[in-house]
Amino acid sequence: MAGLSVLVTRPRAQAGPLLRRLKALGAGPVPAPLVKTVPPASWDALDACLRRLGSYDAVVFASANAAEAFFARARTLLGRRPAPPSAVYAVGAATARALADAGWTGALLPDAFDGPSLARRMGRVRGLRVLIPRSSLGRAELPRLL
């Protein structure tokens, strides 16, 4: 990669490891964050879900950002980390790490790190109560598949 310029579009807070790796490989990384994570206009929907988290059969996280926001809000609202439901799913390794950092270990992962693979990993969910904390701007693919 020596001499190549590489545009890194991750948010600054998440770009550090990739920037360092690209530099180590001889590339010239160019930070250009295209996504900015901001709090929602209202926490009402998530607050309601957090208050009745025990009624869910599973929680599914499609990003590390969703996991981090979920636990930050739980600490604010509940003053503690909530107990996990019987099944917790993560779309990929980084998301599973964010969950483990927050105290929820053992997240179930798909074979490939994408929405369709996660839906296949979950199997039949008809009749189950599944919470998917996500941005209103997030991809609708996973909820649609479930």
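These numbered points describe a predicted model of one protein chain.

1. Confidence. The model is predicted, not experimental in origin. Mean pLDDT for the protein chain is 92, and 100% of its residues reach 70 or more. Broken down by element, the lowest mean pLDDT belongs to α1, at 88, and the highest to β3, at 97.

2. Overall make-up. The protein chain holds six helices and five strands. In sequence order they give the pattern β-α-β-α-β-α-β-α-α-β-α. The C-alpha trace spans about 55 × 35 × 25 Å along its principal axes. The chain has 146 residues, and 36% of them count as buried. Among contacts with a separation of 6 or more, 56% are between residues 24 or more positions apart.

3. The sheet. An open sheet is built from three strands in the order β4-β3-β5, with parallel pairing. Its edge strands are β4 (87-90) and β5 (130-131), each of which pairs on one side only. Helix α4, residues 93-101, packs on this sheet and touches β3 and β4. The direction of helix α4 makes about 135° with that of β4.

4. The β3-β5 pairing. Strand β3 covers residues 58-61 and is joined to β5 by two bridges, the two strands running parallel. Within this pairing, alanine 58 stands opposite valine 130 in β5. Strand β3 is also the element with the highest mean pLDDT, 97.

5. The salt bridge. How many salt bridges does a search of the whole structure find? The search finds one. It is formed by the side chains of arginine 73 and aspartate 47, at 2.7 Å from N to O. Arginine 73 belongs to helix α3 and aspartate 47 to helix α2 (residues 44-51), so the pair ties together parts that are 26 residues apart in sequence. Side chains of opposite charge can pair when their charged atoms come close.

6. Surroundings of arginine 73. Helix α3, which contains arginine 73, runs over residues 64-78. Is arginine 73 buried or exposed? Its relative accessible area is 17%, under the 20% cut-off, so arginine 73 counts as buried. Aspartate 47, its salt-bridge partner, is buried too. With neighbours within four places in sequence left aside, arginine 73 is in contact with Trp43, Leu46, Asp47, Leu50 and Leu78.

7. Serine 117. This residue sits in helix α5, which covers residues 115-122. Serine 117 has a relative accessible area of 7%, which is under 20% and therefore places it among the buried residues. Which side chain does the side chain of serine 117 join in a polar contact of 3.0 Å? The partner is arginine 120. Setting aside neighbours within four places in sequence, serine 117 is in contact with Pro110 and Ala112.

8. Alanine 24. Helix α1, residues 12-24, includes alanine 24. The relative accessible area of alanine 24 is 62%; that is over 50%, so the residue is exposed. Between the C-alpha atoms of alanine 24 and methionine 1 the separation is 9.4 Å, with the two residues 23 apart along the chain. A reader looking at this region should note that α1 is the element with the lowest mean pLDDT, 88.

Key
Residues are numbered from 1 along each chain as its sequence is written. This is a predicted model: local features need pLDDT of at least 70, side-chain atom pairs count only at pLDDT 80 or more; totals for chains, interfaces and linings use all residues. Side-chain values use heavy atoms; hydrogens and water are left out. Helices (H or I, at least four residues) and strands (E, at least two) are DSSP runs, numbered from the N terminus. Buried means under 20% relative accessible area, exposed over 50%, partly exposed in between (1.4 Å probe, protein chains only). A polar contact is a pair of N or O atoms within 3.5 Å; within protein, one must be able to donate a hydrogen and the other to accept it, and residues adjacent in sequence count only if both atoms are side-chain atoms. Contact means heavy atoms within 4.5 Å. Two strands pair if DSSP finds at least two bridges between them. Axes are lines fitted to C-alpha atoms, for helices over the stretch in contact, and angles run from 0 to 180 degrees between N-to-C directions. A salt bridge is a side-chain nitrogen of Lys or Arg within 4 Å of a carboxyl oxygen of Asp or Glu. pLDDT is the predictor's confidence in each residue, from 0 to 100.
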